[in-house]
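Biologist: Could you take me through one part of this model up close, starting from a single side chain in the core and working outwards? I'd like the packing first, then the empty spaces.

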Amino acid sequence: MTEISLIDESGTLTTHQLRDNDLRPPASVPPTARIAYAAAHVIPRATGNNVPGAPADIDWDATMEFRHHLWSWHLGVADAMDTAQRNMGLDAVAVRELIRRSATEAQSVGGALVVGINTDHVATTYISLDEVISAYVEQLHQAEDVGAQAVMMASRHLARVADGPADYSRVYDAVLSRAGRPVILHWLGTPFDAALAGYFGSDDLASARRTVRTIIEDNIDRVAGIKVSLLDGTTEIALRRELPDSVRVFTGDDYNYVDLIAGGTEGHCDALLGAFATCAPIASAALSALDAGDMCGFRALLQPTQALARHVFASPTEYYKTGVTFLSWLNGHQPAFAMVNGLHSARSLPHLSRLVQLADAAGALEQPELAAQRWTDLLTVYGVRSTVRSLMTTGDRT
């Protein structure tokens, strides 16, 4: 075992013993009971000029290696979405290159991949509905041209210009009619992006849900599913009940995904979660337990990750990417705790300390000794004097 120091808001240090990791290899076959995508982040070049407002300078090798890590655990990759800092530092040039590279890597290993499309390459703040349609279609075709399935993300441009449900239906109908293969829609709530208030024509979720249902029913052959990121399980379950079986509901509820994936008499959700990028081996094992009909095993594995995810996605929720990146660094998937747009500074040291504790409790520290050393090094950078030491177990001493 390894002993580290944790720190709270008062600056008080406490000693914590990290558990040994009992990580097992992935199952020999991918799970099929649920479709699951992990929303992946981007890794900056450690010496790049990734300051606020600068174009993203990405370490492409490390970024692609992280996607291979997710695929190796039989998870699909959801790329170029909000976890990859869309609208929070990932510029249009980087988005297009990310999609191109991820599509190439997915094809090389047969990995499942979906990618976000948006209107965010348009610099003008206010554009017309026709321009919104054209912007979406441009990114749709860019994604399809490299062989990637599209996730139609919520557009800030559309949220600004739309004057009620009819405008949303007009835009979505026009874009979906141009899709070469079925698209996944994405309903992103205001906890993730305050600029999307009133999306789908109303702040009332029941009214917005009716608009979503109409759009899907009018485009039933062009919609493969919808990712619901509202942190509102009631709305997600209600939508799932209303949609035909051919349309999958992918939970994006990082607060309540265990119950939503498990399901019940009302059915279940598939998954498209940023949280799964923090615990891919555990998520993979839990989904394999579902395949074996072992609901107790599924919950025993995945339930401890729920507390971790709730802390990663704590308010202000849009800064959850910092926690995803921090855990990636602790687990050895990137050389530095750094983010494009300088967003590694978006969470406090006590917040990160709690993440270490919760990740340990969930079994999400893939290399505990490495995580301990990196955490202790970060404390030192912050001016906190602490120690890390290995503790011999009884078996080691005999």
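Modeller: Let's start at F326. This is a predicted model, and in it F326 is in contact with F337, L352, L355, V356, W375 and L378, once you set aside its neighbours within four places in sequence. F326 and W375 also turn up together in the largest nonpolar core: of its 123 residues, they are among those that touch the most other members, along with Y172, L185, Y199, I226 and F276. Apart from that core lies another one, made of ten residues, including V114, M153, F250 and L272. As a general point, nonpolar side chains in soluble globular proteins tend to be buried together.

Now follow the contacts of F326 into α12. L352, L355 and V356 are contacts of F326, and they are also buried residues of α12. Helix α12 runs over residues 349-362. It has 14 residues and reaches 20 Å from first C-alpha to last, close to the 20 Å expected at 1.5 Å a residue. Why call α12 largely enclosed by the rest of the structure? Because eleven of its 14 residues are buried, with buried meaning under 20% relative accessible area. The buried set isn't just nonpolar side chains either: H351, S353 and D360 are among its members. As for what surrounds them, the buried residues of α12 pack against strands β1 (2-7) and β2 (13-18), and against helices α9, α10, α11 (320-330) and α13 (368-381).

On to the empty spaces. The largest pocket has a volume of about 380 Å³. Its lining counts 20 residues, and D22, R24, I282, A285 and L301 are the closest to its centre. Here α12 comes back in: together with α9 (280-291) and α10 (295-312), it is one of the elements giving two or more residues to that lining. The largest share, five residues, comes from α9. Sorted by class, the pocket lining has 13 nonpolar, four polar and three charged residues.

There are closed spaces too, namely four cavities of 30 Å³ or more. The largest cavity holds about 60 Å³ of space. Around it you'll find A39, D82, T83, F192, K227, S229, G252, D254, L273, G274, F313 and Y320. That lining divides into five nonpolar, four polar and three charged residues, with D82, K227 and D254 in the charged group.

Technical notes:
Residues numbered from 1 in each chain as written. Predicted model: local features only at pLDDT ≥ 70, side-chain atom pairs only at ≥ 80, totals over all residues. Heavy atoms only, no water. Core = buried A, V, L, I, M, F, W, Y, C linked by side-chain atoms within 4.5 Å. Buried < 20%, exposed > 50% of the residue type's maximum accessible area, 1.4 Å probe, protein only. Contact = heavy atoms within 4.5 Å. 1 Å grid on protein atoms, 1.4 Å probe; cavity = no way out; pocket = protein on both sides within 12 Å on 5 of 7 lines; lining within 4 Å. Points joined across faces, edges and corners; volume = space filled by probe spheres on them. Helix = DSSP H or I, 4+ residues; strand = E, 2+ residues; numbered from the N terminus. Expected span 1.5 Å × (residues − 1).
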